[in-house]
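I am opening my notebook on a structure that is new to me. My plan is to look up a few places, one entry at a time.

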Amino acid sequence: MKDLREERLVFGGLDIAFDDRVLRPRPWTQEQARWAADLATRLPPGPVLELCCGAGQIGLAAVAGTDRSLVCVDLDPTAVEFTAKNAESAGLGRRTEVRRGRFEEVLRPDERFPLVIADPPWVESSETRRFPEDPLLAIDGGSDGLTVARACLETIADHLMPDGEALLQLGSVDQVAAAMSVGPGMVRCLEVRCFEGGVVARLAGSPDATRTPA
């Protein structure tokens, strides 16, 4: 049985609480938060959307030094509880809205965001046993590791402002290429940065995209 003792660590200058029911914040993902914070200085005004937020540390660190609000989405009830708690602890409670559920259920069709942060699980289902310390929901990306990533891409295509950008975290450059090969024209990849624990792709809307939110 997992130890549910609450832990805390400093992430991007914020005190982040979590326990074994959510994914332990990875130090390298602070680079994604820094990149998002940099993008936030030049993108159009509006709230930041974080998909698969976990304990909320990446999105919270990204907006902490800005005046932007944050919308965090996760399917896991424990994750959204910790995100709300960490937002309050960081003094960002009034600027953070936490929504639990599937993307298409909790985002309104007319909502648009200048910046989207997406942190989906990307481990192949057959490989999850290699990480027994991690909660399954937080790491299981389906048979090829990209099931949730594809849902993130669809959501980005539907909810990104025309001049907006997104940061998608995956496990490798090959995974980015595979994810982008599905549904061509939804979004385009501008840049990929490689870090010790994974990669982050910077995305923008495609000028050829014709998707219409349901």
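**Entry 1: valine 123**

Is valine 123 buried or exposed? I looked up its relative accessibility and found 13%. Valine 123 therefore counts as buried, since the cut-off for that is under 20%. I note here that I am working with a predicted model.

Next I asked where valine 123 sits. It is in the loop between strand 6 and helix 5, and helix 5 covers 136–139. I then listed what valine 123 touches, leaving aside neighbours within four places in sequence. The contacts are Thr128, Phe131, Ile139, Asp140, Gly141, Gly142 and Gly145. I also checked valine 123 against arginine 34. The two are 89 residues apart in sequence, and their C-alpha atoms are 24 Å apart in space.

**Entry 2: valine 73**

I turned to another valine, valine 73, which lies in strand 4. Its relative accessibility is 0%, so valine 73 counts as buried. I measured nothing by hand; the model gives 6.1 Å from the C-alpha of valine 73 to that of valine 98. In sequence, that pair is 25 residues apart.

I wrote down the contacts of valine 73, again without residues up to four places away. Leu49, Glu50, Leu51, Cys52 and Cys53 are among them. So are Arg99, Gly101, Phe103, Val106 and Leu107.

**Entry 3: the nonpolar cores**

Which residues have the most contacts inside the largest nonpolar core? I found Phe11 and Leu115, in a core of 32 residues. Several elements each supply at least two residues of this core. Among the strands I noted strand 1 (7–11), strand 2 (14–18), strand 4 (70–74) and strand 6 (113–118). Among the helices I noted helix 1 (30–40), helix 2 (57–63) and helix 3 (77–89). There is also a second, separate core of 28 residues. Leu51, Leu107, Cys152 and Met186 are included in that second core.

I followed up on phenylalanine 11. Beyond four places in sequence, phenylalanine 11 touches Ile16, Pro25, Arg26, Thr29, Gln30, Ala33, Gln57, Ile58 and Ala61. From that list I picked glutamine 30, which is found in helix 1. Glutamine 30 has a relative accessible area of 17% and is buried. With the same kind of neighbours left out, glutamine 30 touches Phe11 and Gly12.

**Entry 4: helix 6**

I checked the length of helix 6, residues 147–159. Helix 6 has 13 residues and reaches 19 Å from its first C-alpha to its last. The expected value is 18 Å, and the helix comes close to that. I then listed its buried residues: Ala149, Cys152, Leu153, Thr155, Ile156, Asp158 and His159.

**Entry 5: salt bridges**

How many salt bridges does a search of the whole structure find? It finds 17. I looked at three.

- Arginine 8 pairs with aspartate 15, with the closest N and O atoms 2.9 Å apart. Arginine 8 is partly exposed at 42%, and aspartate 15 is partly exposed at 35%.
- Arginine 34 pairs with glutamate 31 at 2.6 Å. Both lie in helix 1, 3 residues apart, about one turn of the helix. Arginine 34 is partly exposed at 48%, as is glutamate 31 at 33%.
- Glutamate 191 pairs with arginine 202 at 3.2 Å. Glutamate 191 is in strand 8 and arginine 202 is in strand 9, so the pair ties together parts 11 residues apart in sequence. Glutamate 191 is partly exposed at 26%, whereas arginine 202 is buried at 15%.

The last pair belongs to a network of salt bridges that links Arg42, Glu165, Glu191, Arg193 and Arg202.

**Entry 6: arginine 68**

I ended with arginine 68, in the loop between helix 2 and strand 4. Arginine 68 is buried yet has no salt bridge. Which side chain of opposite charge is nearest to arginine 68? Aspartate 67 is, at 5.6 Å. The side chain of arginine 68 does reach the backbone oxygen of leucine 43, at 2.9 Å. Beyond four places in sequence, arginine 68 has contacts that include Ala40, Leu43, Pro44, Pro45 and Gly46. I also listed Val48, Val63, Arg95 and Pro114.

Conventions. Residues numbered from 1 in each chain as written. Predicted model: local features only at pLDDT ≥ 70, side-chain atom pairs only at ≥ 80, totals over all residues. Heavy atoms only, no water. Helix = DSSP H or I, 4+ residues; strand = E, 2+ residues; numbered from the N terminus. Expected span 1.5 Å × (residues − 1). Buried < 20%, exposed > 50% of the residue type's maximum accessible area, 1.4 Å probe, protein only. Core = buried A, V, L, I, M, F, W, Y, C linked by side-chain atoms within 4.5 Å. Contact = heavy atoms within 4.5 Å. Lys, Arg positive; Asp, Glu negative; His and termini not counted. Salt bridge = Lys/Arg side-chain N within 4 Å of Asp/Glu carboxyl O. Polar contact = N/O pair within 3.5 Å; in protein donor to acceptor, adjacent residues only side chain to side chain.
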